[in-house]
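Student: I am new to this structure. Please take me through it, and explain the terms as they come up.

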Amino acid sequence: MMATYLGFYDVPEGVDLGGRYDEEFAGILTRDALQFVAALQREFRDHIRYAMECRRDVQRRYNSGELPGFDPATRLIREGNWACALVPPAVANRTVEITGPVERKMIINALNSGAKVFMADFEDALSPSWENLMRGQVNLRDAVNGTISFNDQARNRVYKLNGETAKLFVRPRGWHLPEDHILVDGAPVTGCLVDFGLYFFHNHAKFRATQGAGSGPFFYIPKIEHSREAKIWNRVFERAEKFAGIEKGSIRATVLIETLPAVFQMDEILYELRDHSIGLNCGRWDYIFSYIKTFQGHPDRLLPDRVQVGMTQHFMRSYSDLLIRTCHRRGVHAMGGMAAQIPVKDNPVANEAALELVRKDKLREVRAGHDGTWAAHPGLIPPIMEVFTSNMGGKPNQIQTARREDAGKITEEDLLQRPRGVRTMEGLRLNTRVGIQYLAAWLTGMGSVPLYNLMEDAATAEISRVQNWQWLKYGAVLDGEEVRVRVTPELFGRVVEEETARIQMEVGVEKFKRGRFEEACRIFTRQCTSPELDDFLTLNAYNQIVVCHPKTPSKI
Ligand SMILES: CC(=O)SCCNC(=O)CCNC(=O)[C@H](O)C(C)(C)COP(=O)(O)OP(=O)(O)OC[C@H]1O[C@@H](n2cnc3c(N)ncnc32)[C@H](O)[C@@H]1OP(=O)(O)O
Ligand SMILES: O=CC(=O)O
Ligand SMILES: [Mg+2]
């Protein structure tokens with residue numbers, strides 16, 4: 001049979017596609033590529049289902065009062081003297097990694113940005129609509145082939161790759177998200193297996209030849225909660241390597257430690273992935289979200305305002321220090337995280353203040369021993385690069401030089417210590433304003449947006465959502481008010497109304513009407529007031545972006 005025929009995808013047995021047909025997408029959704037994804041799904045679906053059931057089970061235990069901690073059963077792994085496979089020379093230097101959604105122009109800009117690595121994101125920074133996902137795969141294939149270009153007609157500018165580009169890492173979605181447009185044996189396929197599988201299938205050979213110096217492809221793995229989930233990824237990698245006929249250990253991945261349970265499993269996660277690992281990363285925003293989620297049943301652990309929960313809080317500093325020690329003991333990179341500040345375009349003073357906050361954050365990271373860090377925007381790369389290179393003694397990383405043996409003393413109490421600060425009405429208002437605007441953007445296909453001069457993505461928006469939920473659930477008392485004010489559904493209702501009016505004023509009536517703000521407001525309000533906490537805002541709202549023929553064209 002022909003690879004594709006007019007208007008229909010040519011699918012293997014047991015696979016159904018519900019997404020819109022597009023000739024370019026058909027070049028990605030080939031019969032063989034779908035066969036590969038379906039094989040991964042069939043081999044791993046039971047393992048994934050079991051891992052998700054374990055997540056629910058342990059959450060039930062946390063809800064009844066248990067605290068997360070180190071697992072006595074894996075003490076020998078934590079104490080043992082083992083190391084991960086050597087870091088491939090192609091990625092020894094990861095001082096600055098730029099991240100961004102798999103949007104065509106941004107991919108070119110990121111690869112040309114001067115950063116050492118570009119993490120192309122199917123996760124926090126991407127709204128996982130069919131259009132975005134499939135166009136993202138087309139973009140990545142063209143990027144790996146070196147043929148990617150973008151014609152910005154409005155500016156009369158053609159974007160192309162420079163001679164020297166950042167190394168490409170790809171972050172698939174987390175285990176929890178299904179891909180409803182692709183069914184295998186009648187059930188939606190696991191989203192990350194689509195992202196990983198299609199990208200690997202089309203790019204492994206070219207990537208290894210041009211980007212990886214014989215290694216790769218390279219990945220970032222998000223939202224892991226337990227080493228059993230890392231073990232599944234390890235087996236997925238082995239299966240892919242076998243399929244491609246490449247050496248075991250070719251694929252390399254950095255795992256984000258961005259859930260509270262995972263901080264107690266860092267050695268175990270590296271151990272499972274020891275042939276495929278190139279480090280861990282402090283995914284600070286999801287980590288804060290996860291702290292609230294993990295303690296959703298603990299009224300004594302209400303967080304202060306979101307803006308006060310930074311990396312200098314004791315529990316955050318302890319997490320970063322222990323991550324550095326763990327990675328360096330095992331011979332891999334300990335990557336820092338994302339400062340939320342982005343350049344402020346129309347105000348030089350505010351811009352300098354934002355850059356100063358970023359510099360301060362990066363100085364803390366490099367002095368602590370991190371080997372590199374993330375940048376949200378190309379304008380941040382020069383100052384971040386400067387801070388890192390001038391504090392690493394001329395070395396490409398600090399794996400051998402910043403052992404952080406002192407961090408071996410970090411305890412469970414250090415990692416769980418309650419953050420200090422105040423809860424305010426302004427905090428509640430800001431959460432609400434940001435949460436609604438982020439969701440409105442996400443529903444229209446944008447997964448990362450600038451709001452009030454900060455980068456907002458799924459992880460930062462999650463903090464706004466779960467913090468409101470937590471304060472409402474336990475009737476948090478707000479500090480700094482003249483009379484004692486408790487967060488109640490009535491108060492929240494008023495805040496939503498007032499903040500929605502403010503959003504309308506800020507964005508303008510026309511944009512407000514054209515956008516999906518009212519729908520976002522309804523979804524956000526429901527999520528903040530639901531009796532049980534939804535696991536993920538993106539999962540809860542996913543149905544709203546599942547369409548066979550999208551009403552709006554893709555933003556990317
Ligand atoms: C918690 C986490 O998971 S963090 C990781 C996930 N989040 C991200 O990756 C966020 C990445 N950053 C972004 O998406 C954007 O920078 C935003 C949304 C924060 C800000 O976007 P904007 O305000 O539109 O950026 P701005 O207008 O200043 O962009 C200026 C130029 O820089 C480019 N640019 C901005 N950010 C990036 C980026 N991350 N990668 C590549 N290019 C970028 C734009 O494409 C634009 O290019 P042009 O001048 O050729 O048109
Ligand atoms: O993915 C990164 C995070 O901070 O979350
Ligand atoms: Mg994250």
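Tutor: A backbone N or O atom of Trp285 lies 2.8 Å from an oxygen atom of ligand 2. This is a predicted model, in which local features need pLDDT of at least 70, side-chain atom pairs count only at pLDDT 80 or more, and totals for chains, interfaces and linings use all residues. Residues are numbered from 1 along each chain as its sequence is written, chains are lettered from A and ligands numbered from 1 in the order in which they are written, and side-chain values use heavy atoms, with hydrogens and water left out.

Student: Why is the pair formed by Trp285 and ligand 2 called a polar contact?

Tutor: A polar contact is a pair of N or O atoms within 3.5 Å; within protein, one must be able to donate a hydrogen and the other to accept it, and residues adjacent in sequence count only if both atoms are side-chain atoms. The Trp285 atom is a backbone N or O, its partner in ligand 2 is an oxygen, and the distance is 2.8 Å, so the pair qualifies. Asp286 also places a backbone N or O atom 2.9 Å from an oxygen of ligand 2. For Arg171, a side-chain N or O atom is 2.8 Å from a ligand 2 oxygen.

Student: How do you know how much of ligand 2 the protein covers?

Tutor: Accessible areas come from the Shrake-Rupley method with a 1.4 Å probe; for residues, only the protein chains shown count as cover. On its own, ligand 2 has 190 Å² of accessible area, and the protein covers 97% of that.

Student: What makes 5 residues of the shell around ligand 2 charged?

Tutor: Asp, Glu, Lys and Arg count as charged; Ala, Val, Leu, Ile, Met, Phe, Trp, Tyr, Cys and Pro as nonpolar; the others, Gly among them, as polar. The surrounding residues include Asp124, Arg171, Glu258, Arg284 and Asp286, so these are charged by that rule.

Student: Which side-chain atoms lie by ligand 1, and at what distance?

Tutor: A polar side-chain atom of Arg155 is 2.5 Å from a ligand 1 oxygen. The side chains of Tyr159 and Ser448 each have an N or O atom 2.6 Å from an oxygen of ligand 1.

Student: Why is Arg55 with Glu225 called a salt bridge?

Tutor: A salt bridge is a side-chain nitrogen of Lys or Arg within 4 Å of a carboxyl oxygen of Asp or Glu. The closest N and O atoms of Arg55 and Glu225 are 4.0 Å apart, so the pair counts. The whole structure has 54 salt bridges.

How values were computed:
Near = heavy atom within 4 Å.
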